[in-house]
Amino acid sequence: MEQKVIDYLKENRERHLKELTEFLAIPSVSALSEHNEDTERAAEWVKGQLDEIGFTEAKVMPSDGKPVVYGNYIQDENAPTVLIYGHYDVQPVDPVELWDSPPFEATVRDNKLYARGATDDKGQVFMHLKVMEAILKSEAASPVNFKVLIEGEEEIGSPTLPAFAEKHQDLLQADLIVVSDSALIEKGKPTITYGLRGLAGIQIDVKGAKGDLHSGEYGGGVMNPVHALVKILDSFKDEYNRVTVDGFYDQVPELSQEERDALAAVPFDEEKLRKELDVPEFEGENGYSYTERTSVRPTLEVNGIYGGFQGEGIKTVLPSKASAKVTCRLVPDQDPDKIVELLTEHVENNAPSSVTVEVTPFDKGKPYVTPFDHPVIATAAKAYEKVYKEETAYIRGGGSIPIVAELDRILGVPVVLMGFGLPDENLHAPNEHLHLENFDLGMETLAHYYHMLKDVEMK
């Protein structure tokens, strides 16, 4: 049966790529209010796709934030029901001058599709849409029932979706959730992500004098907010790159040797990555490998720092204010609210008394881990292997999809993270792209997976 679906996908590939180009052309940047109408357009575009596919129900639903797209195709109450989650919003494109082609004009180069959202997450959402279309258009009966939940706030931490999911639990109930918003560990290597790190972020605003001051007249006598901010930021880590915030590691369990061995077995060429990133050497928390540091250990990073004169040349001032954005990636069982509280206390305790400091919390999301021997995950691995002809790797992802842990909590069903991106596809950066090889192989994998699920014992 799957072959009919795969043949349909191949026959309609050019049309599908054209449609994906239309989707990518919508600048649905959730972080910028100037794009509010674009996020609404993107939601309507997805809803229109569900209508064309032949869904029983498709609608754009209001939330306390960006609109949510919901749809369902229920054909057999005795068949498994799959809830597909994804997001139509994208990251800002800055700095736009570093793009080799316009970020919202999809361009194919070297069998890669370049555009903002190509891999995160419009391209991967689109793959599910087209596989569902192929199943419903080429087969007499779908092997599973489908539900779809596509949101518009993932790139800003999904702040309103948990409340939406709580309110609509009955609508969203399914046997499993499938998410394609992650990556293979390397080209041609199928990968299932069985855990994600959580997220906690703050903004630090340091205020000095009421306005910028002449550095000749006031320098040495009035505290410079940039210097004060640097002192605060430097206090976050020790010489071994361990976070010095009191209580930060209290809920972090030590890695078992079994898990460390499993992570060490995942293929990884550290020297190749170092050269690709063009850095002299890697650095991180002492006592842990690069893979462990970037997947199963918590982190604290300064994402942005600014203050004072930024123009060409020099302006000899003491700036009146300086700011920084800091985020932490969290592991089980760290609580984002508690971490923000600890970060705030740390800033207050390490701020010079000669400035005023304000801490504002933002992005928060809980970490997530699921047993990788669950039948629906084992079946996903078999679907990957049928197409990619390689053994599936199981990893813990270094990034965060905050809503995953929330959906797990609210709906109480397994979440299967089946990503088809690659680590070097510049998500969140200029020249984001999707390898079209995985566009094709990924849809084949999903087609097999949905057919295999009909024989899986769900309870």
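How much space lies in the second largest pocket? The answer is about 220 Å³. The structure in question is a predicted model, and the chain as a whole is described before the pocket.

The chain has 459 residues, arranged with 15 helices and 18 strands. Taken along the principal axes, its C-alpha atoms fill a box of roughly 80 × 50 × 45 Å. The radius of gyration is 23 Å, which agrees with the value near 23 Å that a compact globule with 459 residues would have.

Burial and contacts add to this picture. Of the 459 residues, 54% are buried, where buried means under 20% relative accessible area. Among contacts in the chain with a separation of 6 or more, 80% are between residues 24 or more positions apart. On the outside, the accessible surface of the chain comes to about 20,600 Å². Carbon and sulfur atoms account for 47% of that surface.

Now to the second largest pocket. Its lining is made up of Tyr194, Ser256, Glu258, Glu259, Ala262, Leu263, Val266, Phe372 and Tyr394. Which helix gives the most to this lining? It is helix α9, residues 257–264, with four residues. The lining also includes Tyr194, Phe372 and Tyr394 from elsewhere in the sequence numbering.

By class, the lining of this pocket has six nonpolar, one polar and two charged residues. Tyr counts as nonpolar in this scheme, so Tyr194 and Tyr394 belong with the nonpolar part of the lining. The charged residues are Glu258 and Glu259, and the polar one is Ser256.

Terms used
Residues are numbered from 1 along each chain as its sequence is written. This is a predicted model: local features need pLDDT of at least 70, side-chain atom pairs count only at pLDDT 80 or more; totals for chains, interfaces and linings use all residues. Side-chain values use heavy atoms; hydrogens and water are left out. On a 1 Å grid over the protein atoms alone, a cavity is a set of points where a 1.4 Å probe fits but cannot get out, and a pocket is an open set with protein on both sides within 12 Å along at least five of seven lines; lining residues have an atom within 4 Å of a point. Grid points are joined across faces, edges and corners, and a volume is the space filled by probe spheres set on the points. Helices (H or I, at least four residues) and strands (E, at least two) are DSSP runs, numbered from the N terminus. The radius of gyration is taken over C-alpha atoms; the globule rule is 2.2 Å times the number of residues to the power 0.38. Buried means under 20% relative accessible area, exposed over 50%, partly exposed in between (1.4 Å probe, protein chains only). Contact means heavy atoms within 4.5 Å. Accessible areas come from the Shrake-Rupley method with a 1.4 Å probe; for residues, only the protein chains shown count as cover.
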